[in-house]
Every structure is written in C-alpha cells, then in structure tokens.
Amino acid sequence: MKIPQDWIFEKLKAALSEKFGQTDHIPIVEPCSNPSFGDYQTNIAFLMASQLKENPRKLAEEFARIIGENSVTFYPEVGGNGFINFKVKPKAYLNAFLAIRSDPRLGIEQTKEPQTIVIDFSSPNIAKELHVGHLRSTILGDVLRRLNLFLGHRVIADNHLGDWGTQFGMVLLGYKKYGNPLDLAEKPLEYLEGLYVRIQKEAKESESIKEEAKRELQKLQSGDSENLKLWDVFVHASLKELDKIYQKLNVKFDYSLGESVYNPMLPGVVEALLQKGIARYSEGAVCVFFNKDFPELVDKPMLIQKTDGAYLYATTDIATLLFRLSNWQAHKIIYVTDSRQKLHFQQLFALARLLGINIQLEHVYFGSILGEDKKPLKTREGTSIKLRELLEEAVNRAYQIIDEKRKDLSEDKKREIANAVGIGALKYADLSQNRILDYIFSWEKLLSLEGNTAPYLLNAHVRICSILKKAASSSCGSTLGFTSLKFETDTLHPQEIELMKAVLSFKYSLFLAAKENSPHHLCNYLYHLAKVFHKFYEQCPVLGASTESSKQLRLAFCDFTQRTLSLGLELLGIEPLKEM
Ligand code: ARG
C-alpha cells in the first residue's frame, strides 16, 4: 500500500533512470527539515551533482521538471543547495489514508525478503542477580525482536547466559565453605550472590583463596561430578529467579543457550583455527593476530586459549557463531551489550571475515544509566541496584500516583494499571534515549504525564479510547464501519491534514528504528503523533463536527491514531492501556 512518501520515492527513481539510464543511486526521501519548505525533501540531486561535478541546482530543476505537478504532489520546489522539496496534495493524503484505514497492519506490509535474524540479548552472568545494567540489553533486545518479527523476519531470540564463567569458581568455593541448602532454596540468587561477594572479598586478601576458587572452576570445567551437580542446582535456581523478572518485563526468548552449551566445542574451534593458520601460539597461549586489512586491530590480538589451557569468553563466542550459522542458517546476528564490549565484537567480526563468513554481524551497544550525580546508578549504600528492586519501585511509585487519582477503581484494577504504567515508564525512559549515549535516570521524569514519557503516550491512548467509546454508545450512534465514505478535500482542516501525514509516516519510523537498531526513532515518532493528535482534537470537534461525514472522517482519524499508538507501544513492549 503506497503512501505519498513511497510515491515520491518511486517518481524520483524513475526520473533518475530517465536522465541517467540504469543507476545504483537510491534517493532518500525524508520529511522536510523545515516544514515551511514542504512535506518531503530529497538531497539526491545535490549528491549526484557533486559526484558528476555539475551544478546541483540545475540538476534538481531538471528532476523537478521531469516529475512536474501530478496527482500526488504540487510542482516540486528547488532549494538553493539543490534540495528538492515536495508538497503533497491534501487529496493524496486522504486517498492514502482511506486506502489503509481498514488494514489491521496499518498499511505496513511484511518484507518480501525475510531473513533469519538471531538476536543475542539480556545474556546475564548467572548465579548473580540481575542489576540495572542488564535492563538495557534486555529491553532493547526485546524491542528489536518485536520489530523484526512485525516486519516479517524469522527471529530467534537467544539468551546467551553466562553460566560457565569464573563466578562459578567463587560460588562453588563459597558454597562448600559456608553454604547450606535451606538458604539456597529460600532466596537462591540473593544467597548465591552473597556467597560470591564473600569469596571475592576473601580472594582479594588471600592468594590461596583465589587459587582455591580457580581450582573449583577447573574441576567444574573438566567434568568433576560433585561440582557439576552443584553447578546444575545453582543454574536452575538462577533461571527460576530470572524467569520471574522476564515475566514482569514481558520479555520472551526462543532459546537460552548458555556458554556451557558450547564448552565441548572449544577444543575443536581452537584446533581448527590453528590448522587454518588463522590462530598461532604466542608465548604458550593461542592468539589470533589481525593484519592491516583490519587496521584498528593490528596491535590487538584476540586471545583464544590461555597458557594454562583455559578457554575464554571469545572462544565461546566463536563456537556460538558457528553453531548459529550451521543450525539456524542465520542471515544476521545482532548482539546487544554495553559499549565496553566493542573491542571484543570487533575482533569476533573480523575473525568471522577471516573464516569467510559473510553474514551481517551487528554489535548493538549502549551507554550507561547514570544517577542524578552523573555517576553510574547505585544504591545509597554505593552498591549496584538490583533490577528486581528497581521494577518493584517503579510499580510502587506508579501505584501511589494512581491510588491518589483514581479512588473510584477497585484495588485489583489499580494494581493492574500500576504494573503496566510502572514497567512501561521504566522501559520507555530507556528506549526513548539514543542508545549509544549515557542517560540520567530520574523517577520524576519517567513517571511524568508531560513530555516524551510513557505516561504521556498512554494518556493520549486512553483519551482516544474514551472518545471512540463515547461515539459508539452515543444515541446518534454511528459506529465505525469501514464503509466507503465520500469526503470533500477542500473542507479538510489543516490539523486533519497534519494528523493524516503523521499517521502515514509510522511505517518509516519503524523502518528507521529497525535499520539502525534504535528504538528511540519509534519513541520520537509516537511522541510526535500524540502531540499532533492533541492539537487536532483541540481544533477539530469530533462528536460535534458540523456534518455527519466530517464526524465520520474525524472518528476514522481517532480510530487510526489509536491503533497506531497501540501497535507502537506494543512494539516497544509496553501494554497499551485503555484505561488509566
Ligand atoms: N554475559 C555477557 C555479560 O554479561 C554478555 C554476553 C553477550 N553475548 C555474547 N554472545 N557475547 O557481559
């Protein structure tokens, strides 16, 4: 289903080939940076002219002439810099809107080239509690999963649990020295983490404790049955707790294949890399050295086996990559971790190239969550904040606000709403930030009804739902059928046109968010849409519209905006409440 933006894109492509014959140039059509210039702009003439050493303005004028005035746009305007600006005819917006308004997918078709996309996210090191740092990977990855699924790809969400690392040496030793099964059963993660912290502290003071912990790890990794049995208990206890958090966040995985799964493959991986001459021994360890094809890695070898024979995080990731290729035929793998792992993934991706692996590999990294003091978010005591507690606090704070405002609701209903608002607000505060930047966490801001927040969007959604409800039950009672309606374009109000333009660009916000793996584009879009809707609603009476057909059209705008907000929120993993 074509919207004006698609149409302009196609006209431009046709104009390009008319002028240059076959060309690989793909015009980018985006909303005008300055709305007084028009609706959409393209810099294609500017780009091509600088390549061909021509005058950009002249080239732009030539394209404008080829496209001319037509059923969708007025005669294109050329800016001084060679940008071409298009103003869409109201009728074209209306036609596009009427064509998609009954489509459950809101006019967004599934991709014709579905890919298998593996998304590796959340992936905490277990036997420790989830901390606030894990929040970003978990919810970012979840949104990428939802988005790509909606766009029609085959998505495999894989939680690459850290279930085999050094923390288990500490926990095993701690449990053997101080542990007891009753405490473990009661609060597994908290308890294991306590043991971990205790041994870690002891190990800092005593070399022999450090050695002992290392021995426990080695015993585990070489298959000692007592340690394996304990490990299994720890892993299951951790997973149970983790699941509770994922449930609260409404985050799902297709697989949770932890590092331990790949352990048996590691000797083979190192052997194969040695044989191919990609890795070599260096001072007793095995390393991959990169040549000048990878300039930023020339003096940064990748260690894959230590002198004592131990394998590393990197070795496991190589095995994992090979597994995902051969078992799942992945076209693309997305890894969601914080930005401190940039070098690790640069090395992994470079190694994949050396192995002749040409699929898309993307490291989707993110910055830190900071406290109001601009330092990494910590509890007042200076320890890291547990994710479980953060979620509880979000829900409690939302509850207090709702309890105050909605005395009329039942207790259950209030809890239900508080849950959705609290978790939604927490997610949105994170997702609405450009992920590569650090951001400052503030309860006041994220729960505010004003500004780019989840409560603001939810409130807009709730308001529209109540307008639609009123319309359906009002005695003059024309409910929304998708009958063919006839409308006069010259009676359209400017805010109606703005609103159509806004709902129609939902598709491009999804494309951009998916292409850049950056949900904040979708958040910005939804915020814009909600604001445009408010303005429309202020200026254009819906139920009190002057004619029946205008009322029907305005109701259709309300309905479509509601569905857009609802789908947008769902793609962000936020429950689109109908009441709040
Ligand atoms: N467990 C790691 C950590 O907590 C993240 C793993 C990310 N995924 C991967 N395939 N390396 O830092």
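Mentor: Before we start, two residues are in contact if their C-beta atoms, placed from the backbone, lie within 7 Å. This is a predicted model, where local features need pLDDT of at least 70, side-chain atom pairs count only at pLDDT 80 or more, and totals for chains, interfaces and linings use all residues. Residues are numbered from 1 along each chain as its sequence is written.

Trainee: Great, so which residues is W328 in contact with, leaving aside neighbours within four places in sequence?

Mentor: W328 is in contact with T116, V118 and I156, once those neighbours within four places are left aside.

Trainee: And is W328 buried, exposed or partly exposed?

Mentor: Partly exposed, because 17 other C-beta atoms lie within 10 Å; buried takes 20 or more, exposed 12 or fewer, and partly exposed is in between, with C-beta atoms placed from the backbone.

Trainee: How far is W328 from G179?

Mentor: The two are 149 residues apart in sequence, and their C-alpha atoms are 41 Å apart in space.

Trainee: Switching topic: what surrounds the ligand?

Mentor: The residues around the ligand are D120, S123, P124, N125, H160, G162, D317, T320, Y335 and T337, where the C-beta atom, placed from the backbone, has to lie within 6 Å of the molecule.

Trainee: Nice. Which domains does the assignment give for the chain?

Mentor: Domain 1 covers 4–88, domain 2 covers 387–446 and domain 3 covers 454–571; such bounds come from an automatic or database domain assignment. The centres of domain 1 and domain 2, taken over C-alpha atoms, are separated by 45 Å.
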